[in-house]
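Me: Got a minute to go through this one with me? I'd like to talk about charged pairs and helix packing.

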Amino acid sequence: MQPFQLPEFYTPHPARLNPNLERARVHTRAWACEMDMVDAPQHGTVIWTAADLEAHDYALLCAYTHPDCDGEALDLITDWYVWVFYFDDHFVELYKRTRDVPGAQAHLDRLPLFMPVDGHITAHPANPVEKGLADLWRRTVGRHSLDWRERFAANTKHLLDESMWELHNISAARLANPIEYVEMRRKVGGAPWSANLVEHAVGLEVPARIALSRPIGVLRDTFSDAVHLRNDLFSYEREVLDEGELSNGVLVFEKFLGLSTQAAADAVNDLLTSRLHQFEHTALTEVPILLDEHGIDPVGRAAVLGYVKGLQDWQAGGHEWHLRSSRYMNSGPPPQLGVLGSFAKTLPQRLRQFSSTPRVVEPYALPAFEVPFTLSLAPHLDQARDQVVAWAVEQGMTGEGVWDEAQVRGFDFPLCSAGIDPDATAQELYLSGCWLTWGTYADDAYPLWFGRTRDLLGVKTQTTRLKACMPVDLVQTVVPANAMERSLAELWQRTAAPMNPAFRATFRQTVDAMLDAWVWEVVNMHHNRIPDPVDYVEMRRSTFGSELTTSLSRFSHSAIVPEQLWQTRVVQTMERSAMDYCTMLNDVFSYRKEIQHEGEVHNMVRVVENFLGVPQSRAFELTYALMDARLGQFVRSVETDLPKMFDDLALDAGARAGLTRYADELKDWIAGIIHWHEETSRYDEAGALPVGRLPVFHRGPTGLGTAAARLTSRTPG
């Protein structure tokens with residue numbers, strides 16, 4: 001008996017079948033045998049029999065997911081999918097079932113030898129996984145640009161390496177929290193890798209200068225999430241009940257949300273639908289603007305449109321294959337709604353996302369936010385308070401109807417800086433307080449000036465001018481026209497001048513990313529759109545300035561920490577879990593102001609209410625649970641995973657000291673932000689805006705201040 005009834009899936013595009021299916025079946029059957037994948041024992045275990053390969057029918061998968069490519073391309077793509085599924089099953093049988101962590105790591109460590117971005121493969125394959133990868137790499141990468149090869153190699157490596165994350169979770173009997181799961185599933189699940197093969201099938205590459213942009217990234221990530229969540233629904237019985245797998249979205253929702261298996265499956269399907277809606281929204285509203293802004297030529301536009309269509313074909317074909325493959329739970333398949341039926345069935349969910357209205361908030365009390373870190377405050381705090389208020393007044397922040405002087409003093413941004421960087425000098429504390437003040441003022445002004453007025457042209461113009469206030473060559477060409485511009489131009493010169501050009505360029509890029517995230521918020525206000533939960537969590541890191549903080553703090557340790565260590569799963573998990581805890585902390589403090597007084601849509605509690613259809617009290621409970629999970633993940637990363645990584649990678653004393661210091665700075669960041677939220681007047685009910693005045697959005701301070709101050713005074717010029 002199946003553990004749950006498959007839900008009704010959103011299938012907005014009909015599946016089509018490539019006419020070269022039979023050719024691909026014949027070809028890939030022979031290829032798999034040639035690579036020793038069929039009836040060839042590995043350490044005494046047969047991974048696949050010939051009957052297994054026939055029943056799985058990967059050629060059918062590829063014929064459905066790539067309906068328009070020619071026979072040669074379909075042969076190659078089918079071989080890639082045979083290889084990736086063989087890798088997965090080989091890893092399960094040899095390493096997951098046996099919990100052989102050292103053996104798994106040694107196996108994965110060799111695979112990069114068979115996928116060089118440049119040059120030839122020189123290593124000799126020792127097993128079918130290596131043999132198949134070497135053959136496929138030679139047949140594929142020579143047709144592509146360096147940019148595509150780098151992206152494909154990175155996604156292939158993620159796909160392979162993050163299998164260790166699944167194995168460690170099984171060995172520790174540890175279930176991921178929902179945020180962690182979605183992030184890690186993208187890497188281990190392989191859909192970003194599949195998106196690269198869509199470009200190959202189309203025969204055109206997404207232009208390099210937009211390949212890493214937000215809209216293209218959202219297309220890739222929403223595609224990936226939908227593919228993986230769909231797979232989780234079909235594979236729950238095999239993975240969870242047979243293999244003891246913990247990396248399954250239905251299981252994660254079941255345990256974290258306290259739902260029955262059926263209710264968890266329905267919730268996963270709702271998230272799948274939401275991600276597909278996000279894909280469509282991005283393709284229709286963001287991609288055309290992206291192409292125009294970057295002046296993409298007709299060939300590049302054709303590549304992007306082909307990419308979008310290819311991803312849609314993959315979704316439709318992947319669903320059809322899951323209904324047919326013996327690999328999955330698909331007896332008694334769900335009713336097929338058809339294209340029009342899919343739109344009609346999911347219309348209420350789509351409309352709910354665009355129907356937020358201000359409402360009276362039920363009374364609620366905040367709990368004590370306790371963390372296992374000690375709060376310390378920098379000296380010179382009183383001096384910095386007076387300096388920052390005087391600076392804000394001088395720059396004109398109290399004369400534009402956004403803030404008055406009493407608010408600036410009550411918000412007390414230097415207190416936040418003093419907790420975030422308890423070792424700050426008087427100069428650093430002043431500079432940090434100014435950055436926090438500027439970031440929060442701009443974050444308040446954007447929705448006030450452009451959000452409520454639906455002024456999309458104005459917000460684009462303002463953002464362009466703010467970026468121009470930060471010249472990398474330090475030559476100012478913009479005459480500031482308001483307090484935002486005036487204060488940013490002043491801060492830029494004071495902060496960026498001592499930096500070397502590389503640091504300065506990165507600093508500029510991270511501020512740009514925060515500005516672009518504020519534009520995203522204004523666009524959502526224009527559409528009255530409550531963000532998709534995954535999109536919200538990821539963008540909230542940017543609107544809060546978190547990524548800017550971490551990138552600049554990294555630079556302060558760059559002399560002793562090798563660049564590649566910042567890209568490791570351990571360090572990125574440490575960073576993102578800290579970011580998410582602090583952004584959700586801000587959301588629970590600001591909920592009443594944002595929801596009742598301002599009609600805000602960018603708040604985690606509101607996003608949870610809308611997505612799950614739960615009352616306010618339950619949404620708070622779930623948000624607190626997510627905060628606890630992310631804080632626990634941060635602590636585990638620092639106390640357990642980081643030391644283990646030190647030993648696994650045999651890092652020298654300098655790298656260990658640099659990363660340990662970086663972890664301590666993140667602890668200070670969390671403790672300082674909690675303390676500031678508890679002490680500032682920014683969230684006092686008495687501070688509610690008078691009736692008739694345009695609302696000001698009361699977020700917490702952006703996290704950029706201390707990092708900028710540190711970088712100015714503590715890194716090489």
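Me: What does aspartate 423 form a salt bridge with?
Reply: Arginine 661. This is a predicted model, and in it the closest N and O atoms of the pair are 3.1 Å apart.

Me: Where do aspartate 423 and arginine 661 sit in the chain?
Reply: Aspartate 423 is in the loop between α20 (413-420) and α21 (426-451). Arginine 661 is in helix α30 (residues 653-679). The two are 238 residues apart, so the pair links distant parts of the chain.

Me: Is aspartate 423 buried or partly exposed?
Reply: Partly exposed, at 47% relative accessibility. Arginine 661 is partly exposed too, with a relative accessible area of 27%.

Me: How many salt bridges does the structure hold?
Reply: 55. One of them joins the side chains of glutamate 286 and arginine 214, at 3.3 Å, N to O. Glutamate 286 lies in the loop between α14 (261-285) and α15 (287-293), and arginine 214 in helix α12 (residues 214-242), so the pair ties together parts that are 72 residues apart in sequence.

Me: And the accessibility of glutamate 286? Buried or exposed?
Reply: Buried, with a relative accessible area of 18%. Its partner, arginine 214, counts as partly exposed at 24%. The cut-off for buried is under 20%.

Me: Which helix holds both arginine 508 and aspartate 512?
Reply: Helix α24 (residues 501-526). They are four residues apart, about one turn of the helix. They form a salt bridge, with the closest N and O atoms 2.9 Å apart. Arginine 508 counts as buried at 18% relative accessibility, and aspartate 512 counts as buried at 14%.

Me: Which residues do salt bridges with shared partners join into one network?
Reply: Arg186, Arg220, Asp221, Asp225, Arg275, Asp532 and Glu538.

Me: Switching to packing. At what angle do the axes of α20 and α21 cross?
Reply: Roughly 125°, and the axes come within 8 Å. α20 and α21 are therefore oblique to each other. Their crossing is right-handed.

Me: Which residues in α20 meet α21?
Reply: Phe413, Pro414, Cys416, Ser417 and Ala418. On the α21 side they meet Leu429, Ser432, Gly433, Leu436, Thr437 and Thr440.

Me: How many charged residues are in that contact of α20 with α21?
Reply: None: by class, there are six nonpolar and five polar residues, and no charged ones.

Definitions and conventions
Residues numbered from 1 in each chain as written. Predicted model: local features only at pLDDT ≥ 70, side-chain atom pairs only at ≥ 80, totals over all residues. Heavy atoms only, no water. Salt bridge = Lys/Arg side-chain N within 4 Å of Asp/Glu carboxyl O. Buried < 20%, exposed > 50% of the residue type's maximum accessible area, 1.4 Å probe, protein only. Axes fitted to C-alpha atoms, helices over the stretch in contact; angles between N-to-C directions. Parallel < 35°, antiparallel > 145°, perpendicular 65-115°, else oblique. Left-handed = near helix turned anticlockwise from the far one by under 90°. Contact = heavy atoms within 4.5 Å. Nonpolar A, V, L, I, M, F, W, Y, C, P; charged D, E, K, R; others polar.
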